[in-house]
Amino acid sequence: MKDLDLELYNKYMNEEKDAFETLYNKYKNKIQYFIFNIVKNYEKAEDITQEVFIYILQNKVRENCSFKYYIYLVARSRAYNYINQEKRRTEINEKYSLLDSEEIQKDVSDLIEKQEREKELTEAINMLDDKYKNAIYLTKIEGLSYKETAEILRTNYWKCALFY
C-alpha cells in the first residue's frame, strides 16, 4: 500500500512547494490537537505545532516510516520536551521562591547593620593617630591577621599586637 502523504512529502523535497502545503493543511489541526492533549496549553500547542512542521521541513522522514507515524513521533517528542523544560523551570522557581521572606529580611538587616558598624568603626579609626589607623583598619575591617598586617605595614608583629 502506498503512503500518499510520503509521496507528497517527497514531491516537496523535490521542490514542489505546493505538496507540503497540502500536508500542512491535512495535519495541522490534528497535530495541534494531539499536542494540546499533552501540554494542556492552546498557545503552546500552536507554537509546538509550528516547530514540528519546521522540523519536518528541515529533516528527512526516516526510511521505512510512514509520514503519519513520523509526524506524530516528532510531535510527541516536541511536546514532551516542552513539558520537561517547564518542569525544570518550575523546580528552579520553587527552589528559589521557598526562601522565607523573613530570612531574606534578616539577611538584609544583618548586612545593613554590618555596613553601619563598619562605617562607625572607620569614622573612629580616622580620628586616631596615623600610625594606628592602618593597623586597625587592616585587622578589624579587612580581617587580616596581625602577622599579615605587620608585613604589609613593614613593622614588627608585636607592635601590631600592642595596638589592642
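When I say that two residues touch or are in contact, I mean that they have heavy atoms within 4.5 Å of each other. With that in hand, V52 touches I31, I35, I71, V74, A75 and R78, leaving out residues up to four places away in sequence. I should add straight away that what we are looking at is a predicted model.

Let me set out the overall picture before going back to V52. The protein chain has 8 helices and 0 strands, so that, read along the sequence, the pattern is α-α-α-α-α-α-α-α. Of the 164 residues in the protein chain, 23% are buried. If we take the contacts in the protein chain with a separation of 6 or more, 43% of them are between residues 24 or more positions apart.

Now to the core. The largest nonpolar core has 24 residues, and V52 is among those with the most contacts inside it, together with I35, V39, I56, F67 and I71. The elements that contribute two or more residues are α1, residues 4-13, α2, residues 17-39, α3, residues 42-58, and α4, residues 67-97. Which of these gives the most to the core? That is α2, with 8 residues.

Let me stay with α2 for a moment. Its buried residues are A19, F20, L23, Y27, I31, Q32, I35, I38 and V39, and two of these, I31 and I35, are the ones we have already met as partners of V52. The helix has a kink of about 45°, centred on Y27. As for its length, the 23 residues of α2 should span 33 Å at 1.5 Å a residue, and the end C-alpha atoms are 30 Å apart, which agrees.

One residue in that buried list is polar, and I would like to look at its surroundings with some care. Q32 lies in helix α2, and it counts as buried because its relative accessibility is 7%, where the cut-off for buried is under 20%. What does the side chain of Q32 meet in a polar contact? The partner is the side chain of Y42, at 3.2 Å. Setting aside residues up to four places away in sequence, Q32 touches A45, E46 and T49 as well as Y42.

Just after α2 comes K40, which takes a positive phi of about 60°. Most residues other than glycine have a negative phi, and that is the reason for pointing this one out. K40 sits in the loop between α2 and α3, and, at 58% relative accessibility, K40 counts as exposed.

I turn next to the charged pairs. Side chains of opposite charge can pair when their charged atoms come close, and this structure holds 4 salt bridges, of which I will go through some.

In one of them D5 pairs with K26, the closest N and O atoms being 2.9 Å apart. This pair links distant parts of the chain, with D5 in helix α1 and K26 in helix α2, 21 residues apart. Is the acidic partner, D5, buried or exposed? At 7% relative accessibility D5 counts as buried, whereas K26, at 39%, counts as partly exposed. Beyond its neighbours within four places in sequence, D5 is in contact with L23, Y27 and F67 in addition to K26; of these, Y27 is the residue on which the kink in α2 is centred, and F67 is among the residues with the most contacts inside the core.

Another salt bridge joins the side chains of E51 and R78, at 4.0 Å from N to O. Here too distant parts of the chain are linked, since E51 is in helix α3 and R78 in helix α4, 27 residues apart. Both partners count as partly exposed, because E51 has a relative accessibility of 33% and R78 has a relative accessible area of 25%. R78 also brings us back to the opening, as one of the residues that V52 touches.

The last pair I will mention lies within one helix: the side chains of R117 and E113 meet in a salt bridge of 3.6 Å, N to O. Both are in helix α5, residues 101-126, and they are 4 residues apart, about one turn of the helix. An α-helix has 3.6 residues a turn, so residues three or four places apart point the same way. E113 is partly exposed, with a relative accessible area of 45%.

Key. Residues numbered from 1 in each chain as written. Predicted model: local features only at pLDDT ≥ 70, side-chain atom pairs only at ≥ 80, totals over all residues. Heavy atoms only, no water. Core = buried A, V, L, I, M, F, W, Y, C linked by side-chain atoms within 4.5 Å. Buried < 20%, exposed > 50% of the residue type's maximum accessible area, 1.4 Å probe, protein only. Polar contact = N/O pair within 3.5 Å; in protein donor to acceptor, adjacent residues only side chain to side chain. Expected span 1.5 Å × (residues − 1). Bend = angle between axes of the 7 residues up to and from the residue.
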